[in-house]
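Here is a short tour of one protein model, going from its overall layout to its cores, rings and charged pairs. Have the viewer open as you read.

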Amino acid sequence: GINAEYGKQWYQRRVRGTMALYSHSSKLVKPGNEAPTDVETAVSQALLDLEANSDLSSALRGLYFVGAEEVVIRDDKVAVVIHIPFPQQKIYHKIQGRLVRELEKKLSGKHVIFLSKRRILSKPTRHSRNLSKQKRPRSRTLTAVHASILDDLVYPAEIAGQRKRVKLDGSQQIKVHLEKACQINTETKLDTFMSVYKKLTGKDVVFEYVD
């Protein structure tokens with residue numbers, strides 16, 4: 001019928017748009033006809049260059065990202081946050097140290113952060129449209145996703161512990177303890193971690209090292 005034909009045409013347009021975008025940017029996969037931003041184009045090109053001309057070539061083959069954005073840390077510093085598909089996180093982790101160093105060279109010294117794309121599912125209510133009895137996965141709650149963002153931010157550093165502190169004005173601050181052994185590799189990025197976490201979650205976080 002008409003509806004089926006319309007649905008088929010819509011799907012074909014969607015696929016064509018996605019494929020065109022993928023062939024243009026190669027390392028970027030965005031839904032529908034969304035055009036890449038300047039920063040996404042820059043990240044895609046940098047990844048393509050590394051795949052073509054570095055010892056990361058074979059490791060990068062088949063990897064892609066789903067979005068990128070810049071976060072202003074302060075007047076003279078900008079970080080690039082690259083969103084990757086969650087199923088590819090473990091593969092990225094294997095090369096993340098080297099990959100971050102190489103990308104930071106290509107992106108004018110900007111700090112590079114990799115975050116897995118996760119979706120928060122709102123808490124079901126009595127008035128929810130979805131009446132199924134399926135429980136919301138714990139990993140999709142706001143609290144779990146925000147905790148995972150912290151883990152991603154500091155990787156490969158390990159979080160040794162954290163606690164919440166309520167300030168005099170009633171606002172909350174999360175104090176995160178990082179292992180002392182990772183201080184050399186993370187110390188210069190702590191302000192980046194704080195700014196990116198604040199931008200993505202609206203929450204204040206500070207870091208300190210523990211033995």
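Are Lys189 and Glu104 buried or exposed? Lys189 is buried, and Glu104 is buried too, where buried means under 20% relative accessible area, exposed means over 50%, and partly exposed is in between (1.4 Å probe, protein chains only). We'll come back to this pair under the salt bridges.

## Ground rules

This is a predicted model, so to speak of local features a pLDDT of at least 70 is needed, side-chain atom pairs count only at pLDDT 80 or more, and totals for chains, interfaces and linings use all residues. Residues are numbered from 1 along each chain as its sequence is written, and side-chain values use heavy atoms, with hydrogens and water left out.

## Overall layout

The protein has 7 helices and 6 strands, which are DSSP runs numbered from the N terminus (helices are H or I with at least four residues, strands are E with at least two). Read from the N terminus, the order is α-α-α-β-β-α-β-α-β-β-α-α-β.

Of the 211 residues, 37% count as buried. Take the contacts (heavy atoms within 4.5 Å) between residues at least 6 apart in sequence: 55% of them join residues at least 24 apart. The accessible surface is about 13,500 Å², with 51% of it belonging to carbon and sulfur atoms; these areas come from the Shrake-Rupley method with a 1.4 Å probe, and for residues only the protein chains shown count as cover.

## The nonpolar cores

A nonpolar core here is a set of buried Ala, Val, Leu, Ile, Met, Phe, Trp, Tyr and Cys residues joined through side-chain atoms within 4.5 Å. The largest one has 23 residues, and Leu153, Leu178 and Phe207 touch the most other members. Two or more residues each come from strands S1 (67–74), S2 (77–85), S3, S5 (172–179) and S6, and from helices H5 (142–154) and H7. H5 gives the most, with 5 residues.

Leu178 is worth clicking on: leaving out residues up to four places away in sequence, its contacts include Val154, Ile159, Leu190 and Phe207. There is also a second, separate core of 22 residues, with Ala46, Leu47, Ala68 and Leu103 among them.

## Aromatic pairs

The whole structure yields 2 aromatic pairs. To pair, rings of Phe, Tyr and Trp (its six-membered ring) need centres within 6.5 Å; planes under 30 degrees apart are stacked, over 60 edge-to-face, and the rest tilted. Tyr92 and Phe114 make a tilted pair, 5.3 Å centre to centre with 40° between the planes. Tyr92 sits in helix H4 (89–106) and Phe114 in strand S3 (111–117), 22 residues apart. Both are buried.

In the other pair, Phe193 and Phe207 have ring centres 5.8 Å apart and planes at 65°, so this one is edge-to-face. Phe193 belongs to helix H7 (190–201) and Phe207 to strand S6 (204–210), 14 residues apart. Both of these rings' residues, Phe193 and Phe207, are buried.

## Helix H7 and some backbone oddities

H7 has 12 residues, and its end C-alpha atoms are 16 Å apart, in agreement with the 16 Å expected (1.5 Å times one less than the number of residues). Its buried residues include Leu190, Phe193, Val196 and Tyr197. Just after H7, Gly202 takes a positive phi of about 80°.

Ser108, in the loop between H4 and S3, has a positive phi of about 60° although it is not a glycine. Ser108 is exposed, at 68% relative accessibility. Elsewhere, the Tyr155 to Pro156 peptide bond is cis, with omega near 10°, and Pro156 lies in the loop between H5 and strand S4 (159–166).

## Salt bridges

There are 13 salt bridges, each a side-chain nitrogen of Lys or Arg within 4 Å of a carboxyl oxygen of Asp or Glu. The buried pair from the start, Lys189 and Glu104, meets at 2.7 Å, N to O. Lys189 is in the loop between helix H6 (183–186) and H7, while Glu104 is in H4, 85 residues apart.

Asp55 and Arg98 also pair, with their closest N and O atoms 3.4 Å apart. Asp55 is exposed at 63% relative accessibility, whereas Arg98 is partly exposed at 35%. Finally, Arg74, Asp76, Lys77 and Asp191 are linked in a salt-bridge network.
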